[in-house]
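This report examines selected features of one protein chain, from backbone conformation to the packing of helices. The sequence and the structure are shown below.

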Amino acid sequence: MPNTGIATKSEEDFSKVRNKALFNSLQHLLSPEETKLISLNDIKEMLHPDNEVYVGMQVVPVEKIIGSEGRYNDFDNLFFPKHSHLKNRWLNIDKAYMEGKILPAVTLYEIGGVYFVRDGNHRVSVAKARGVEFIDAEVTSLRTELRLTPGKSMDTIIKQIIAYEKRLFYAKTNYGDITGDWSLDFTTAGQYDVIYNHILTHKYFINLNQVEEISMTDAIMSWHNTVYMPVVNTITRHKIMKKFKRRTVSDLYVWLIKYWDELKKALGEDIPLDDVLEDFEKSFSESLAAKIKNNLKKVLLKRR
């Protein structure tokens, strides 16, 4: 293909991926977070990898590259470029593909069986746009026990991490066998550690008045019956979950307890839970119309 033809085709390719990025944004107007490219740092904060091991050169499936270390704001979750200033670099790489040139290997981090770009985001973007199945990469592995399945959004990865955290929590504490409650579920990662710390704090305060230290089993049962369930019952009575349909009652428990503690620090200890819940609902629930308006604004701003 003559150079002029390649240049024209490359311009068309970039126009197509930019339009796809816009369409992707519009499809997720009510949930724009689903179109964000996954940040390696966000995953590291949730998984806490043990150590870093240089693996070397590998041939990596492009479909397993799901995020970036530093350029996650420049591309969407499908690695389509989100901004026009990425055009020149993207076009040059696209032209190189059409001319059959050998491109330098990308540099990737591997964690949980999926990959994040350290260097070579434009090369990965073009490879995905052209349907390339494999790419040469220099890989460094961040070690963790959890194996992840590639997902197109942070939400799909978070669900896998939460499921892993739940298995660990229930296995470590025997919470389900002790309480008969297997429905402690969350929509954000890291909350099972919060619950575990709540139980340990509850156990500590009980033991202040005991001659013999109570067992972890008794502490778990006590926390469930005297701390967790009263809050859950209050949430149910106020029918607040209809305002937080994408969340769980366990989510609301954690958020409400945190909010209650903040109010106590500011206003004093004598604040009824019912009053806290009413104030929480007014402060944090958001109407559908407001969400649509705010998300549409974000999409339009990105196109400027």
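## Loop residues with positive phi

Lysine 239 is located in the loop that links H8 and H9. The model is a predicted one, and in it lysine 239 adopts a positive phi of about 55° although it is not a glycine. With a relative accessibility of 58%, lysine 239 is classed as exposed, because the exposed class begins over 50%.

Asparagine 174 also has a positive phi, near 60°, and is likewise a residue other than glycine. Its place is the loop between H5 and helix H6, the latter formed by residues 175-179. At 40% relative accessibility, asparagine 174 is counted as partly exposed.

## A buried loop residue

Isoleucine 271 belongs to the loop between H9 and H10. Its relative accessibility is 14%, and it therefore counts as buried, the limit for that class being under 20%. When neighbours within four places in sequence are set aside, the contacts of isoleucine 271 are Trp260, Leu263, Lys264 and Val276.

The separation between isoleucine 271 and alanine 171 is 100 residues in sequence and 36 Å in space, taken from C-alpha to C-alpha.

## The nonpolar cores

Which residues touch the most other members of the largest nonpolar core? In this core of 49 residues, they are Ile43, Ile161, Tyr175, Leu184 and Ile195. At least two core residues come from each of the following elements: helix H2 (40-47), strands S4 (106-111) and S5 (114-119), and helices H5 (154-173), H7 (191-207), H8 (216-238), H9 (249-267) and H10 (273-284). Apart from this core there is another, of 16 residues, which includes Val62, Phe79, Ile135 and Val139.

Leucine 184 illustrates the contacts of one member of the largest core. Leaving out neighbours within four places in sequence, leucine 184 is in contact with Lys166, Phe169, Tyr170, Tyr175, Tyr192, Ile195, Tyr228 and Ser250. Among these partners, Tyr175 and Ile195 are themselves named with leucine 184 as residues that touch the most other core members.

## Helix H7 and its contacts

Tyrosine 196 is part of helix H7. Beyond its neighbours within four places in sequence, tyrosine 196 is in contact with Phe169, Lys172, Thr173 and Met216. One of these partners, threonine 173, is 23 residues away from tyrosine 196 along the chain, and the C-alpha atoms of the two are separated by 8.5 Å.

H7 also packs against H9: their axes come within 11 Å and cross at roughly 60°. The two helices are therefore oblique to each other, since this angle lies outside the ranges for roughly parallel, roughly perpendicular and roughly antiparallel. The crossing of H7 past H9 is left-handed. H7 contributes Gln191, Val194, Ile195 and His198 to the contact, and H9 contributes Tyr253, Val254 and Ile257. By class, this contact comprises 5 nonpolar and 2 polar residues, with no charged residue.

## Packing of H8 with H10

At what angle do H8 and H10 pack? The angle is about 55°, and the axes are 11 Å apart. H8 and H10 are therefore oblique to each other, and their crossing is right-handed. On the H8 side the contact is formed by Pro230, Val231, Thr234, Ile235, Arg237 and His238, and on the H10 side by Leu273, Asp274, Leu277 and Glu278. These residues divide into 5 nonpolar, 2 polar and 3 charged.

## Packing of H1 with H3

Helix H1 (residues 3-27) and helix H3 (residues 87-98) have axes that come within 9 Å and cross at roughly 125°. This angle is over the 65 to 115 degree range for roughly perpendicular but not over 145, so H1 and H3 count as oblique. H1 passes H3 in a right-handed crossing.

In H1, the residues of this contact are Ile6, Ala7, Lys9, Ser10, Glu11, Asp13, Phe14 and Val17; those they meet in H3 are Lys87, Trp90, Leu91, Asp94, Lys95 and Met98. The contact of H1 with H3 contains 7 nonpolar, 1 polar and 6 charged residues.

Definitions and conventions. Residues numbered from 1 in each chain as written. Predicted model: local features only at pLDDT ≥ 70, side-chain atom pairs only at ≥ 80, totals over all residues. Heavy atoms only, no water. Axes fitted to C-alpha atoms, helices over the stretch in contact; angles between N-to-C directions. Helix = DSSP H or I, 4+ residues; strand = E, 2+ residues; numbered from the N terminus. Parallel < 35°, antiparallel > 145°, perpendicular 65-115°, else oblique. Left-handed = near helix turned anticlockwise from the far one by under 90°. Contact = heavy atoms within 4.5 Å. Nonpolar A, V, L, I, M, F, W, Y, C, P; charged D, E, K, R; others polar. Core = buried A, V, L, I, M, F, W, Y, C linked by side-chain atoms within 4.5 Å. Buried < 20%, exposed > 50% of the residue type's maximum accessible area, 1.4 Å probe, protein only.
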